[in-house]
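This report describes strand pairing and core packing in a predicted model. The sequence and structure are shown first.

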Amino acid sequence: MKSIIILEDEGIIALMLKRFLTSQNHSVTGTAKDGKTAIELVEKFKPDLIIMDVHIKGDINGIDTYKKIQGFYEVPAIFLTGNSLDIINIKTNYKNLYVLEKPVSLTELKRTIDLIFVGN
């Protein structure tokens, strides 16, 4: 069972993600609505994956939150965004990161998670 932290400031989307991940036999070890909380959860739980919204409430966005996390813990991430410019930016500037467009297809999310965890 792989552990996953969710960074999503829209409660209904966070709940949908948590329910889906649990149904896929993953452990959701925490959910956060802002970057600061996400960083604290990663420090505490050391997850196998983070699923992150790019545009979140608070002082730092999802991408900057991930950069801070990478400073102390290397973990793969799936970014979620409804902004096509974010998708291009992430795919162009960040290797080994995944980005899915909102609204998120659960089939595509499952496929991406399976791709990340193959061999791990």
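In the predicted model, Ile6 of strand S1 (residues 3–7) stands opposite Thr31 in S2. The chain crosses from S1 through helix H1 (residues 11–23) to S2, and this β-α-β crossover is right-handed. S1 and strand S2 (residues 27–32) are paired in the parallel sense, with five bridges between them. Ile6 also stands opposite a residue of S3, namely Ile51, while Ile5 has Ile50 as its bridge partner in S3. The pairing of S1 with S3 is likewise in the parallel sense and extends over four bridges.

S3 is joined in turn to strand S4 (residues 77–81) by four bridges, and these two strands run parallel. Within this pair, Met52 stands opposite Phe79 in S4. A right-handed β-α-β unit is formed by S3, helix H3 (residues 62–70) and S4.

The strand pairings are set out below.

| Strand pair | Sense | Bridges |
|---|---|---|
| S1 and S2 | parallel | five bridges |
| S1 and S3 | parallel | four bridges |
| S3 and S4 | parallel | four bridges |

How is S1 placed with respect to solvent, buried or exposed? Five of its five residues are buried, and S1 is mostly covered. Cover is found on both faces: Ser3, Ile5 and Leu7 are buried on one side, and Ile4 and Ile6 are buried on the other.

Why is S3 largely enclosed by the rest of the structure? Five of the five residues of S3 (residues 49–53) are buried, so the strand is largely enclosed by its surroundings in the structure. One side of S3 carries the buried residues Leu49, Ile51 and Asp53, and the other carries Ile50 and Met52, also buried, so that both faces are covered.

Packing of nonpolar side chains can be considered next. The largest nonpolar core has 22 residues, and Met52, Tyr66, Phe79 and Ile90 are those with the most contacts inside it. At least two residues of this core come from each of S1, helix H2 (35–45), S3, H3, S4 and helix H4 (84–93). H2 gives the most, with four residues.

Phe79 offers a detailed view of its surroundings: with neighbours within four places in sequence left aside, Phe79 is in contact with Met52, Val54, Gly62, Ile63, Tyr66, Ile90, Leu97, Tyr98, Val99 and Leu100. Apart from the largest core lies another core, of 17 residues, which includes Phe20, Leu21, Leu49 and Ile113.

Key: Residues numbered from 1 in each chain as written. Predicted model: local features only at pLDDT ≥ 70, side-chain atom pairs only at ≥ 80, totals over all residues. Heavy atoms only, no water. Buried < 20%, exposed > 50% of the residue type's maximum accessible area, 1.4 Å probe, protein only. Pairing = 2+ DSSP bridges. Right-handed = clockwise from strand over helix to strand, strands pointing away. Core = buried A, V, L, I, M, F, W, Y, C linked by side-chain atoms within 4.5 Å. Contact = heavy atoms within 4.5 Å.
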